[in-house]
Amino acid sequence: MAASRLELSKAAFLFLAAALWAAGSVDGQEVGTAELRGRVLLGEDPLPSVRVVLHRVSAGNAGPVDSLRSGADGQFRFGLPSVPDASTFADVWFFSVDHEGVEYFGTPIHGAAQLDSLHVLQVYDTTVAPAAGALLPLSARYTMLEGEPEGWYVTDMMQLVNDGERTLVAGTGGATWVYPLPAGAVDLEIGGEQMAPNAARIVEGALRVTSAIPPGQREVLVRYRLPDPFVTLRYPGVTSEVGLLVREPAPRLAVEGLVSEQPVEMAMGVRYQRYTGAQLVDAVVSVRELVDPPELLLGWVAVSIAMTLTGAGVFAVLRPRDAVARMASAVPAADMDVRMSPFERRQLLLLEVARLDEESPDGTVHEDQRSARRRALLRRVRELGSDAP
């Protein structure tokens with residue numbers, strides 16, 4: 001059943017992206033005309049005569065509804081049947097362009113105020129990655145270990161950076177990016193922005209990604225299962241920021257290669273051991289069982305866990321858990337610890353959104369309360385977005 005939940009349509013990712021945008025929208029703006037205007041750029045130059053496809057996502061329905069060719073200046077405009085209403089999300093509109101076999105997506109349009117802008121979509125020429133995958137730096141890697149009856153689940157959120165000027169694509173039988181996972185990783189689940197369920201798999205102990213990777217920063221989220229929390233985490237190349245959270249109850253751990261943080265009490269008594277690092281180069285982090293209790297016990301950090309994928313953003317892949325369902329109405333723990341980085345807080349808030357979306361209604365929380373909490377969480381995600389690494 002977990003696999004079926006992860007086979008999210010492209011439309012679902014775009015719904016989440018639209019919600020994130022809405023969290024940062026400004027109320028009280030004037031109603032725009034029912035016309036979506038945009039421009040396609042290749043580098044700094046307009047891309048003429050490229051086919052632009054208009055898509056609509058609504059409750060129970062999603063798909064392309066129109067297409068046209070961009071003009072000599074790369075611009076295009078679509079007439080919409082009505083002005084989008086941000087208060088209802090009845091319809092979400094977006095456009096896409098296929099360039100050299102890679103599909104690029106524009107900003108989701110869900111409110112009238114957005115129609116006042118010219119939406120620019122940047123596309124890139126492509127280059128084939130090395131067969132073994134390109135070595136890309138990570139601006140952040142954030143790993144969470146959570147014990148369950150069937151084993152330990154690891155959620156790995158990585159922000160990789162393509163600092164080139166072309167989109168990386170996989171050659172025949174090759175990959176765009178390969179990254180080592182802990183030994184014994186199984187039951188891979190895929191999430192993250194623009195990541196299809198078949199875009200990655202575990203091959204010989206490594207995450208093998210075959211989806212295109214455009215220039216800039218890209219979030220990849222995966223979840224997998226391990227037999228225990230005693231793992232070796234490898235960080236090839238440069239990783240600017242590292243975080244590791246281990247949910248209690250857990251064995252006493254010694255983490256070599258990262259720094260343990262001071263204890264903090266958080267909402268609902270859910271506690272995590274927390275470790276951090278910065279500017280790691282070809283690093284190896286070892287997590288082993290601590291046999292003799294140390295004089296200074298590693299600190300506690302408790303957090304409310306939640307998320308979403310995105311669309312061309314971001315992705316929702318985590319399984320709903322009973323403990324998390326009870327946390328749905330708690331104060332966002334990611335905002336309670338000021339020592340956590342904006343990236344850490346943003347990811348935890350996204351995880352809480354996703355789990356709130358996947359939680360099965362049981363009558364204990366009114367739908368209006370759920371909606372209000374979701375909007376509040378998304379507003380904080382939007383506010384933290386500009387500070388993310």
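Which backbone oxygen lies 3.4 Å from a polar atom of the side chain of asparagine 162? In this predicted model, the oxygen belongs to proline 214. A second backbone oxygen, from isoleucine 213, lies 3.0 Å from a polar atom of the asparagine 162 side chain.

Asparagine 162 is located in strand 11, which spans residues 151-162. The residue counts as buried because its relative accessibility is 5%, and buried means under 20%. Beyond its neighbours within four places in sequence, asparagine 162 contacts Leu136, Thr167 and Leu168. The contacts of asparagine 162 also include Ile213, Pro214, Pro215 and Gly216. Ile213 and Pro214 thus appear both in this list and among the backbone oxygens described above.

Glutamate 146 was examined next. Strand 10, covering residues 138-148, holds this residue. Its relative accessibility is 1%, so glutamate 146 counts as buried. The side chain of glutamate 146 makes a polar contact with the side chain of tyrosine 272, at 3.1 Å. Another polar contact, at 3.4 Å, joins the side chains of glutamate 146 and arginine 223.

Confidence was assessed along the chain. The average pLDDT is 77. A score of at least 70 is reached by 71% of the residues. Two stretches stay under a pLDDT of 50: residues 1-32 and residues 293-331. For residues 1-32, the model has 73 contacts beyond four places in sequence. For residues 293-331, the corresponding count is 173.

Terms used: Residues numbered from 1 in each chain as written. Predicted model: local features only at pLDDT ≥ 70, side-chain atom pairs only at ≥ 80, totals over all residues. Heavy atoms only, no water. pLDDT = per-residue confidence, 0-100. Contact = heavy atoms within 4.5 Å. Helix = DSSP H or I, 4+ residues; strand = E, 2+ residues; numbered from the N terminus. Buried < 20%, exposed > 50% of the residue type's maximum accessible area, 1.4 Å probe, protein only. Polar contact = N/O pair within 3.5 Å; in protein donor to acceptor, adjacent residues only side chain to side chain.
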